[in-house]
Amino acid sequence: VYAHRPDRHTPIEETVRAFNHVINQGKAFYWGTSEWNADEIAEAWRIADRLNMIGPLMEQPQYNMLARQRVESDYMGCYASTGMGLTIFSPLKTGILTGKYNDGIPSDSRLAHADKDPFIKQMNERYGDESWKKELDVVKNLAPIAKKLDTTQSTLAYAWVLKNKNVSSAITGASRPEQVYESVKAVEAYHKLTPEIMEEIEAILGNKPIE
């Protein structure tokens with residue numbers, strides 16, 4: 001089970017107690033956090049140690065080639081001190097890392113039907129702005145890497161997040177069967193990401209966080 005980011009209405013100690021109760025009832029084996037910052041996770045562990053309870057063993061953050069700060073910098077102390085693992089979401093950054101928007105908005109994409117989905121409608125408002133253009137330039141430059149590895153940009157993006165030793169699993173989404181296939185192929189593509197290839201990707205991304 002995962003606890004969403006705490007707020008003033010739900011103190012961290014109350015969250016720790018609640019999820020340990022669930023574990024003690026045999027309804028879960030462990031608990032984790034979702035989009036908590038490093039200080040909040042550390043506080044949860046301090047409370048759990050004081051109460052002789054179980055602290056959060058997993059965190060569920062956004063992580064992809066375009067969003068790296070929290071996973072590759074902010075959480076560094078948590079991995080070593082707590083043994084925390086990650087179940088990351090949005091490995092394709094809402095589809096932009098698939099490369100399908102490189103030449104505009106495909107008619108069969110979610111972005112083309114933004115009026116039916118509030119979240120996508122919000123995303124559609126970004127289309128064409130400076131941040132979108134900057135991200136799209138990066139994605140276009142990743143295309144030759146995917147071609148060299150004889151894979152798709154989707155599979156490359158999935159494989160890249162799995163290359164991080166702190167990532168235990170990645171949450172994927174699919175609206176068509178072939179998209180499931182693309183994600184599963186990442187297990188094979190992961191082994192193609194040699195140090196040399198990773199350096200090429202890093203040079204294109206240009207966004208490595210400072211630890």
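This passage describes the fold, the aromatic and charged contacts, and selected local features of a predicted protein model.

The model is a predicted one, in which local features need pLDDT of at least 70 and side-chain atom pairs count only at pLDDT 80 or more, whereas totals for chains, interfaces and linings use all residues. Residues are numbered from 1 along each chain as its sequence is written, and side-chain values use heavy atoms, with hydrogens and water left out.

The protein chain contains 10 helices and five strands, assigned as DSSP runs numbered from the N terminus (helices, H or I, at least four residues; strands, E, at least two). Of its 211 residues, 44% count as buried; here buried means under 20% relative accessible area, exposed means over 50%, and partly exposed lies in between (1.4 Å probe, protein chains only). About 11,800 Å² of the protein chain is exposed, and carbon and sulfur atoms supply 52% of this area, as computed by the Shrake-Rupley method with a 1.4 Å probe, with only the protein chains shown counting as cover for residues. Among contacts in the protein chain with a separation of 6 or more, 72% involve residues 24 or more positions apart, a contact being defined by heavy atoms within 4.5 Å.

Ile 201 illustrates such packing around helix α10, in which this residue is found. With a relative accessible area of 0%, Ile 201 is buried. Apart from neighbours within four places in sequence, Ile 201 is in contact with Met 65, Leu 142, Ile 145, Leu 156, Trp 160 and Leu 193. Ile 145 is separated from Ile 201 by 56 residues in sequence, yet the C-alpha to C-alpha distance is 7.6 Å.

A search of the whole structure finds four aromatic pairs. Rings of Phe, Tyr and Trp (its six-membered ring) are taken to pair if their centres lie within 6.5 Å; planes under 30 degrees apart count as stacked, over 60 as edge-to-face and the rest as tilted. One of the pairs, formed by Phe 19 and Trp 31, is stacked, with 5.2 Å centre to centre and 10° between the planes. Phe 19 lies in helix α1 (residues 12-24) and Trp 31 in the loop between α1 and β2 (32-34), so this pair ties together parts that are 12 residues apart in sequence. Both Phe 19 and Trp 31 are buried. Ring pairs further link Phe 19, Trp 31 and Trp 36 into a cluster. Elsewhere, Lys 163 lies over the face of Tyr 190, at 5.0 Å from the ring centre; the criterion for a charge over a ring is NZ of Lys or CZ of Arg within 6 Å of the ring centre and within 35 degrees of the ring normal.

Side chains of opposite charge can pair when their charged atoms come close. The whole structure holds 10 salt bridges, each defined by a side-chain nitrogen of Lys or Arg within 4 Å of a carboxyl oxygen of Asp or Glu. Among them, Lys 148 is joined to Glu 200, with the closest N and O atoms 2.9 Å apart. Lys 148 lies in helix α6 and Glu 200 in helix α10 (residues 195-205), so the pair ties together parts that are 52 residues apart in sequence. Glu 200 counts as partly exposed because its relative accessibility is 32%. Salt bridges that share partners also join Glu 13, Arg 17 and Arg 50 into one network. Within this network, the side chains of Arg 17 and Glu 13 meet at 3.1 Å, N to O. These two residues both lie in helix α1, four residues apart, about one turn of the helix. Arg 17 is partly exposed at 40% relative accessibility, and Glu 13 is partly exposed at 27%. Another salt bridge connects Arg 68 and Glu 72 (2.9 Å, N to O), and both of these residues are buried.

At the surface, Phe 29, Tyr 30, Ile 54 and Leu 57 make a nonpolar patch of about 410 Å². Patches consist of residues with over 30% relative accessible area and no salt bridge, like charges being joined within 9 Å and nonpolar side chains (Val, Leu, Ile, Met, Phe, Trp, Tyr) within 5 Å. Ile 54 is located in the loop between α2 (38-51) and β3 (58-59), and its 32% relative accessibility makes it partly exposed.

Two non-glycine residues in loops were also examined for backbone geometry. Thr 94, although not a glycine, has a positive phi of about 50°. Thr 94 lies in the loop between β4 (85-88) and α5 (118-124) and is partly exposed at 33% relative accessibility. Asp 150, likewise not a glycine, has a positive phi of about 55°. The loop between α6 (130-148) and α7 (153-162) holds Asp 150, which counts as exposed at 67% relative accessibility.
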